[in-house]
Amino acid sequence: MRVQDSLEYLSETTQQAILVEQRKRFGIADDMDLSSRLQDPHFLGQVWDQAGELERTVIRLFVTRATRGFFSKRSWERETAKEHRHLSVGLTKLRRLGLILTVRKMWSEIGYFMPQEVREQMTLYLLPEPSEAFVSLSKTLPYYIPAGRGIQLDLFGLLVFIRENQVPVTQKGAIHRRMSQKMQPLLSLTDEHAKGLVLPPLNQEPREGLALTVTLDFALRLGLIQTSERRLVIQPYQIQQWLSLSPPERWEQLFEMAIQQYLPHGGWWDAFVQVMKAVSLDQWCFLEAQLSMLETAGFALPTEAKSLVTEQWLHLLAGMGWIELGEGDDQKLYWRWNSLPRLTAEEGWFIDPAGAITIPPLVPLQDVWEISKLCQLEFDGPLIRGELSARMLQSYLTAGATEQQALEILRSGCAHPLPEGLIEMIYQWAKTARQIQMEPCFCVRTAHAGFVEEWKQISEFRPFLSQVISPTEFLIPQGMEFALISTLRQFGYEPQVLSHFSALSAGADSTTDEKGRNGLFLVERPWDGYAVENTFPEPTDGIPEIVSLPKMWTQHFQSYHPQSMRDLFKRSVELQLEVDYQLRGQEKLRGTPLEVRVELGYWMVTMETETGKHCYRMEDMERVRIVVPQYLY
């Protein structure tokens, strides 16, 4: 969970209390809000630099042992069993600073959570320099599984296929086998790349067709497709929004989604992703050296860590076209980031007089989407090829477009003037398409002409306004009604739908919110069911037994009745607290009581001091006081 998502559960009063604690502790004078403060590397650096040993130990535990920064109360107590009472003090101090939040289940089970941005920054303080694993290689190394062309292109091909074909789904939401067999060749992500995914419930998914399952899951979570009337349909508005992202923004969105959905759970997995993020593009890295860096930083890695990270994570990233893998002559594994998915889109395409189109890899996907309406596209590695066809152009014109719009699409990003022969061919195809036209459509009426005039100035509405028949009316082809309703609601309008498809549109919307954004399945996570609790802990939270000690025992160095003396020593043994004590005629000493027992009729106490263990009779003790360490307050 990210900082912003976490703070939504905290009241303004609680957030202000955390800010006051931060200002008091670090002398901060700026007006930064809590969300910005907790994501500020400078502030988090101050916390790390000025943290006491208890706080640093707690931070290390949340970074190296917690699953995605989460500890249930039971697992926290198990992890800190030897020093639970002392480390609970460090935990409380970090909770008061907002670096760790309290979470709770409905049935009152408590947990603790360190938000993602805080955890990522703290991880950097533990890890060695990433350059320790960098290597220089003179050639691209071979690997037995070829890398994919890019998940963004796989998604693109899938969206085009769903737009052009009826894709039915079963009652359980699965794709029919016959249709899935047609869709799988569209992908460069293969089942071989995805077979290492074993998180529940993926461990129960059939290995055949898993790559298609993963890609569809991405499309649903992004809202690019939805299920409507037992078939998959595209969401034009969401697709336009996604395609308009810059390649680095699109990569960041997809990579974070892959981490949240497919990265195995465990502290060292999160740290490995941090190590990966610190590597520059096209820099080869030695995998074993990076795993060794994690062990140096205090992460507990299993003996088979290399094979686990390769099969369950790196193969998936390679299939998505984000990294390249290679094995050297020594059979050692190396990897590097592929820069292509994150380079700025800036190239144009080429069209020959016969209508064959060659699209280089850096052409904006938004432009490629428009071209896909005019020709069938095929992927040739990072290149995209297509050939204009009369059938697709006529379908495009039948939907209400004009040949001028088709030519403008082709001309807008072409690296050269359009061939004259191609222009003539498109006009000829257009004449054939318009000899007779009959098409079902919907009529959209507005209360006054101002709506239509306003929408003409908004790019998202222009695809719907190609057939304006009056100042207050326009026609849209059948199949665009859901997209128009979605677009209207996106801009704050609530259309009154009078036709038979009103119930369908409502069903489609609810499906998008509930099913589309959740994907095909929900990965089971240890923190599911917990929600951030709106609480600001007291300084003494976590040490009630120490706070409840009689003040006389902790503030006065004096003698006691034998029974009180026994109770004092028993409590100090339970709480593992030091005591000051003085024997008859001797100077004051300090030690930690280890055991209280009866021996030969005398009450005895075993003390651990700087000089070793000593056993004393209680009746020889003249004065005693329990020492409460200052850091507990």
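Here is a short tour of the aromatic rings in this predicted model, with two charged side chains at the end.

Before selecting anything, it helps to know that the ring pairs come to 26 in total. Start with Trp251 and Trp322. Their ring centres are 6.2 Å apart and the planes meet at 70 degrees; since an angle over 60 counts as edge-to-face, that is the label for this pair. Now colour by secondary structure. Trp251 belongs to helix H14 (residues 247-262), while Trp322 is in the loop between helix H17 (305-319) and strand E8 (323-327), so the pair ties together parts that are 71 residues apart in sequence. Switch on a surface if you like: Trp251 is buried, at 7% relative accessible area, and Trp322 is buried as well, at 1%.

Next, select Phe451 and Trp455. Here the ring centres lie 5.8 Å apart with the planes at 45 degrees, so this pair is tilted. Both residues are in helix H22 (residues 449-455), and because they are four residues apart, about one helical turn separates them. What is the relative accessible area of Phe451? The value is 23%, which makes Phe451 partly exposed. Trp455, by contrast, is buried, at 5%.

Keep those two selected and add Tyr237, Phe461, Phe474, Phe491 and Tyr493: ring pairs link these residues with Phe451 and Trp455 into a cluster.

Finally, two stops where a charge meets a ring. Pick Trp242 and Arg250, and you will find the charged end of Arg250 over the Trp242 ring, 5.4 Å from its centre. Then go to Phe43, where Arg37 lies over the face of the ring, at 5.8 Å from the ring centre.

Key. Residues numbered from 1 in each chain as written. Predicted model: local features only at pLDDT ≥ 70, side-chain atom pairs only at ≥ 80, totals over all residues. Heavy atoms only, no water. Phe/Tyr/Trp six-rings, centres within 6.5 Å; stacked < 30°, edge-to-face > 60°. Helix = DSSP H or I, 4+ residues; strand = E, 2+ residues; numbered from the N terminus. Buried < 20%, exposed > 50% of the residue type's maximum accessible area, 1.4 Å probe, protein only. Lys NZ or Arg CZ within 6 Å of the ring centre and 35° of its normal.
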